[in-house]
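Reader: I've got a chain open on my screen and would like to talk through how it is put together. Can you walk me through it?

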Amino acid sequence: MAPSLTVLLIEDDFLIRTCLAEFLLDSGLTVREADNCAEARAIIGAEPKLDALVADMTLPDGDGMTLVQPARERWPDLPVIYISGHGDLRRDETSGDPARDRFISKPYTLASIQEALLEMTSAASD
């Protein structure tokens with residue numbers, strides 16, 4: 001992966017977030033981390049560039065899906081990966097385009113997130 005890619009990772013489980021962030025950092029990505037919606041909104045408002053968003057669907061102060069709208073207002077083609085332990089029941093609320101929106105169910109492999117990010121950011125830059 002290109003080192004210029006910046007990903008916002010929103011996950012309230014400390015161990016999951018830390019493991020995934022370290023894996024992505026080791027893969028050459030820049031990772032911004034948030035453990036709730038409020039932190040994520042602050043990062044979305046302040047970050048000069050995001051190349052992808054990885055959002056847990058269930059957060060202590062809301063829903064990861066609600067963060068997509070403000071992020072895509074700034075970056076309209078932003079790829080988003082929704083992660084959830086509850087399946088993809090809200091898939092109909094997304095664009096339906098796998099280059100823009102993907103659901104990955106927990107438990108997942110770290111490599112599956114990395115692979116999806118690579119595919120989605122490559123498609124977005126084409």
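Author: Sure, here are some questions and answers on the sheet, the helices, the cores and one annotated residue; keep in mind that the model is predicted.

Reader: Let's start with the sheet: in what order do the strands run?

Author: It's an open sheet built from five strands, and the pairing is parallel. At the edges sit β2 (30-34) and β7 (101-105), each of which pairs on one side only. From one strand to the next the twist averages 20°. Reading across, the order is β2-β1-β3-β6-β7.

Reader: Which residue in β2 is the bridge partner of Leu-9?

Author: Strand β1 covers residues 6-10 and pairs with β2 in the parallel sense, over five bridges. For Leu-9, the bridge partner in β2 is Glu-33.

Reader: And helix α1, what angle does its direction make with that of β2?

Author: Helix α1 spans residues 14-26 and packs on the sheet, where it touches β1, β2 and β3. Its direction and that of β2 make an angle of about 165°.

Reader: What about the angle for helix α2?

Author: Residues 37-46 make up α2, which also packs on the sheet and touches β1 and β2. Taken against the direction of β2, the angle for α2 is about 140°.

Reader: Which element gives the most to the largest nonpolar core?

Author: That core has 21 residues, and Leu-8, Ile-10, Ile-44, Leu-53, Leu-67 and Tyr-82 touch the most other members. Two or more residues come from each of β1, α2, β3, α3 (68-74) and β6 (80-84). With four residues, the one that gives the most is α2.

Reader: How many residues are in the second core?

Author: This one is separate from the largest core, and its members include Leu-5, Ala-21, Ile-104 and Tyr-108. Its residue count is 18.

Reader: Now Asp-56: does it count as buried or exposed?

Author: Asp-56 lies in strand β3, residues 52-56. Its relative accessibility is 4%, and the cut-off for buried is under 20%, so Asp-56 counts as buried.

Reader: Which modified residue does UniProt list for Asp-56?

Author: Leaving aside neighbours within four places in sequence, the contacts of Asp-56 include Glu-11, Asp-12, Ser-84 and Lys-106. Ile-10 is in contact with Asp-56 too, and Ile-10 is also one of the residues that touch the most other members of the largest core. As for the record, the UniProt entry is unreviewed, and for Asp-56 it lists 4-aspartylphosphate.

Conventions: Residues are numbered from 1 along each chain as its sequence is written. This is a predicted model: local features need pLDDT of at least 70, side-chain atom pairs count only at pLDDT 80 or more; totals for chains, interfaces and linings use all residues. Side-chain values use heavy atoms; hydrogens and water are left out. UniProt positions are given in the numbering used here, feature names are shortened, and annotations may be inferred rather than shown by experiment. Buried means under 20% relative accessible area, exposed over 50%, partly exposed in between (1.4 Å probe, protein chains only). Contact means heavy atoms within 4.5 Å. Two strands pair if DSSP finds at least two bridges between them. Axes are lines fitted to C-alpha atoms, for helices over the stretch in contact, and angles run from 0 to 180 degrees between N-to-C directions. A nonpolar core is a set of buried Ala, Val, Leu, Ile, Met, Phe, Trp, Tyr and Cys residues joined through side-chain atoms within 4.5 Å.
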